[in-house]
Amino acid sequence: MKLTDFKIITFDCYGTLIDWESGIFNALKPLADRSGKSLTRDQILEMFGRHESPQQKETPKALYADILRKVYDRIAKDWKLEVNEQERENFGTSVKNWPPFPDSIEALRYFKQYYKLAILSNIDRGEFEFSKAKLGVEFDCVVTAQDVGSYKPDLKNFAYMIDVLKQMGFEKSDILHTAESLYHDHVPANAAGLASAWIHRRHNKEGFGAIHVPATEATYDFRFISLAQMIEAHKKLMLVNQK
């Protein structure tokens, strides 16, 4: 199996293209500072990871800003803190401040030359517009949790995307699902029968950070520590193909 075997790359957005851990950490820091605890960045992110997915399962049709507000409430309760309404609202609407990874814009521009590009994301359409503007590319297909009425790793999200792409003329074998999260993306991609590329953004860190810990071991067909490394692998294949 080679990167050049595919016709469309489906990207997770948050954690893969957008640096959600920096966004989450910055938005949660005021609450963490009030806790009086000496919390590391990863401890704050892990607290988020413990609460986000359970909240998504509890309220699968909620818009993502409301998920974040509820996660704030859960974390405040865990830390035995009073809810600060301004902090809560700032956290709930923080997606607009989450930055792209340094290599995301270049990678999307590069891969747009060779593939159709799609998004499969745990977001709603309105919030995604903030990130789309920062990423600077026109995606050929966007599937959000709002469209499906559930959040990854629910297999319904993958089935919905596969059906949409089928209507666009793509078979499963044409799709390379590209994501950081083993829990949200690679485990269900395995179950859905999709090839996948792991963008291991946390390769130099321990633990899972803001990602819920997967209960099932994931497999993947490619592993890169960045999208920049994925570009280089693709360029090498293109050179070989030209010889």
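Two strands are said to pair when DSSP finds at least two bridges between them. In this predicted model, strand β1 (residues 8–11) and strand β4 meet that condition, pairing in the parallel sense over 4 bridges, and within this pairing F11 stands opposite T178 in β4. On strand β5 (residues 195–199), which runs parallel to β4, the two strands are joined by 4 bridges, with H177 standing opposite S196 in β5. The connection between these two strands involves helix α9 (residues 182–192), and β4, α9 and β5 make a right-handed β-α-β unit.

The elements discussed here are set out below.

| Element | Residues | Feature |
|---|---|---|
| Strand β4 | 175–179 | 5 of its 5 residues are buried |
| Helix α5 | 104–111 | buried residues S104, A107, L108, Y110 and F111 |
| Helix α2 | 41–58 | contains Q56 |

Strand β4 is mostly covered, since 5 of its 5 residues are buried. In a regular strand the side chains alternate between the two faces of the sheet. In β4, I175, H177 and A179 point one way while L176 and T178 point the other way, and all are buried.

L176 and T178 also appear among the contacts of M230, which, leaving aside neighbours within four places in sequence, is in contact with L3, I9, F111, L176, T178, A197, I199 and F224. M230 is one of the residues with the most contacts inside the largest nonpolar core, a set of 58 residues in which F48, Y64, F111 and F139 are likewise listed. Apart from this core lies another, of 15 residues, including A118, V143, A189 and L194.

F111, named in the core of 58 residues, belongs to helix α5 (residues 104–111), where S104, A107, L108, Y110 and F111 are buried. Seen down the axis of α5, these buried residues fall within an arc of 160°, so they line one face of the helix. On the other side of α5, E106 and R109 are exposed. An α-helix has 3.6 residues a turn, so residues three or four places apart point the same way.

A polar side chain can be followed in the same manner. Is Q56, in helix α2 (residues 41–58), buried or exposed? Q56 is buried, with a relative accessible area of 3%, because the cut-off for a buried residue is under 20%. Not counting residues up to four places away in sequence, Q56 touches Y64, I67, N122, Y151, K152 and H184, and Y64 is itself among the residues with the most contacts inside the largest nonpolar core.

Technical notes:
Residues are numbered from 1 along each chain as its sequence is written. This is a predicted model: local features need pLDDT of at least 70, side-chain atom pairs count only at pLDDT 80 or more; totals for chains, interfaces and linings use all residues. Side-chain values use heavy atoms; hydrogens and water are left out. A nonpolar core is a set of buried Ala, Val, Leu, Ile, Met, Phe, Trp, Tyr and Cys residues joined through side-chain atoms within 4.5 Å. Buried means under 20% relative accessible area, exposed over 50%, partly exposed in between (1.4 Å probe, protein chains only). Contact means heavy atoms within 4.5 Å. The arc is that of the directions from the helix axis to the C-beta atoms. A crossover is right-handed if, with the strands pointing away from the viewer, the path from the first strand over the helix to the second runs clockwise.
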